[in-house]
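Please open the structure in the viewer and keep the selection panel at hand. The tour proceeds by selection, each stop leading to the next.

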Amino acid sequence: RVSGADFIGNIWGHLANSTDVHMDNIYTANCAHSGLSSLLTGYGLTGEIMNARVEYCGFGFGPPGNKKFPTGGACIYYAAQAYLNIIGISGDHNYGPTVKAQSIGGRRAQNLTLSGVCSIGSFYTAQSGADNAHFVFDGVDGLTATGITTYRNGVDTAYVAEFRGTN
């Protein structure tokens, strides 16, 4: 359980592979990969992330980094088989999608809920061949989204949401 934490200028803002995670009033900025993420096969970030602001994360993915991270430089990256509630999040000028959820290692992301999520200028510098959308859902079972807002803010983002193999 984390409340009132700042993750600034790290490789990862918060890389969790644990259950029962509850984060509230989080600020993450200038992380090379992603602000908040789960990645390891067989584990997952489960619980809730509330009242967070994630900005300028994923810069290692975009110029000048030009790297191809599995997270795609996402503000919040989710690849797990449990549940995650994302409530009251602002993703501001990240180099990848505000939320990217996908199956990984043969395990599908499950039970994802987004409520009151705002994406501003997602894909701050769009990458050729990348998922060029505010929200990317690839192989997700159980997705609910309400109160979603997107702003272009001078950045060309091709799509609001991209769905591939998602129920």
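Select Thr28, a residue of strand 4. The model is a predicted one, and every stop below should be read accordingly. Thr28 counts as buried because its relative accessible area is 0%, under the 20% limit. Add Gly91 to the selection: its C-alpha atom is separated from that of Thr28 by 9.7 Å, although their positions lie 63 residues apart along the chain.

**Strand 4 and its partners**

Extend the selection to the whole of strand 4, residues 21-29. Which strands pair with strand 4 in the parallel sense? Strand 1, residues 2-3, does so over two bridges; here Val2 has Met23 as its bridge partner in strand 4. Strand 2, residues 6-8, runs parallel to strand 4 and is joined to it by three bridges. Within strand 2, select Ile8, which stands opposite Ala29 of strand 4. Strand 6, residues 47-55, is also paired with strand 4 in the parallel sense, over eight bridges. To follow that pairing, select Tyr27 and then Arg53 of strand 6, which stand opposite each other.

**From Arg53 to a network of charges**

Keep Arg53 selected and add Glu55. The two form a salt bridge, with the closest N and O atoms 3.1 Å apart. Are these two residues buried or exposed, or something in between? Glu55 is buried, with a relative accessible area of 13%, whereas Arg53 is partly exposed at 33%. Now add Asp92: Arg53, Glu55 and Asp92 are linked in a network of salt bridges. The count of salt bridges comes to four.

**The nonpolar core**

Move next to Ile86. Not counting residues up to four places away in sequence, Ile86 touches Ile49, Ile76, Val99, Leu112, Thr113, Leu114, Ser115 and Val117. Ile86 is one of the residues with the most contacts inside the largest nonpolar core, which has 26 residues. The others named for their contacts are Ile49, Ile76, Val99, Leu112, Leu114 and Phe137. To see which elements give two or more residues to this core, colour strand 4, strand 6, strand 7 (76-78), strand 8 (84-92), strand 9 (99-102), strand 10 (109-115) and strand 12.

**Strands 12 and 15**

From the core, select Phe137 and then Phe163. The count of aromatic pairs comes to one. Why is this pair classed as stacked? The ring centres of Phe137 and Phe163 are 5.4 Å apart and their planes meet at 25 degrees, so the pair is stacked, the angle being under the 30 degrees that this class requires. Phe137 belongs to strand 12 (residues 133-138) and Phe163 to strand 15 (residues 159-164), so the pair ties together parts that are 26 residues apart in sequence. The two rings belong to residues with contrasting accessibility: Phe137 counts as buried at 4%, while Phe163 is exposed, with a relative accessible area of 52%.

Next, select Asp138 and Arg164. Their side chains meet in a salt bridge, at 3.3 Å from N to O. Asp138 lies in strand 12 and Arg164 in strand 15, so this pair also ties together parts 26 residues apart in sequence. Asp138 is partly exposed, with a relative accessible area of 24%; Arg164 is likewise partly exposed, at 29%. Keep Arg164 and add Glu162, with which Arg164 forms a salt bridge whose closest N and O atoms are 2.2 Å apart. Glu162 is buried, with a relative accessible area of 18%.

**The whole chain**

Finally, clear the selection and display the whole protein. How many helices and strands does the protein have? There are zero helices and 15 strands. Of the 167 residues in the protein, buried residues make up 50%. Turn on a surface: the accessible surface comes to about 7,000 Å², and carbon and sulfur atoms account for 50% of it. If contacts are drawn between residues at least 6 apart in sequence, 71% of them join residues at least 24 apart.

Conventions:
Residues are numbered from 1 along each chain as its sequence is written. This is a predicted model: local features need pLDDT of at least 70, side-chain atom pairs count only at pLDDT 80 or more; totals for chains, interfaces and linings use all residues. Side-chain values use heavy atoms; hydrogens and water are left out. Two strands pair if DSSP finds at least two bridges between them. Helices (H or I, at least four residues) and strands (E, at least two) are DSSP runs, numbered from the N terminus. Rings of Phe, Tyr and Trp (its six-membered ring) pair if their centres lie within 6.5 Å; planes under 30 degrees apart count as stacked, over 60 as edge-to-face and the rest as tilted. Buried means under 20% relative accessible area, exposed over 50%, partly exposed in between (1.4 Å probe, protein chains only). A nonpolar core is a set of buried Ala, Val, Leu, Ile, Met, Phe, Trp, Tyr and Cys residues joined through side-chain atoms within 4.5 Å. Contact means heavy atoms within 4.5 Å. Accessible areas come from the Shrake-Rupley method with a 1.4 Å probe; for residues, only the protein chains shown count as cover.
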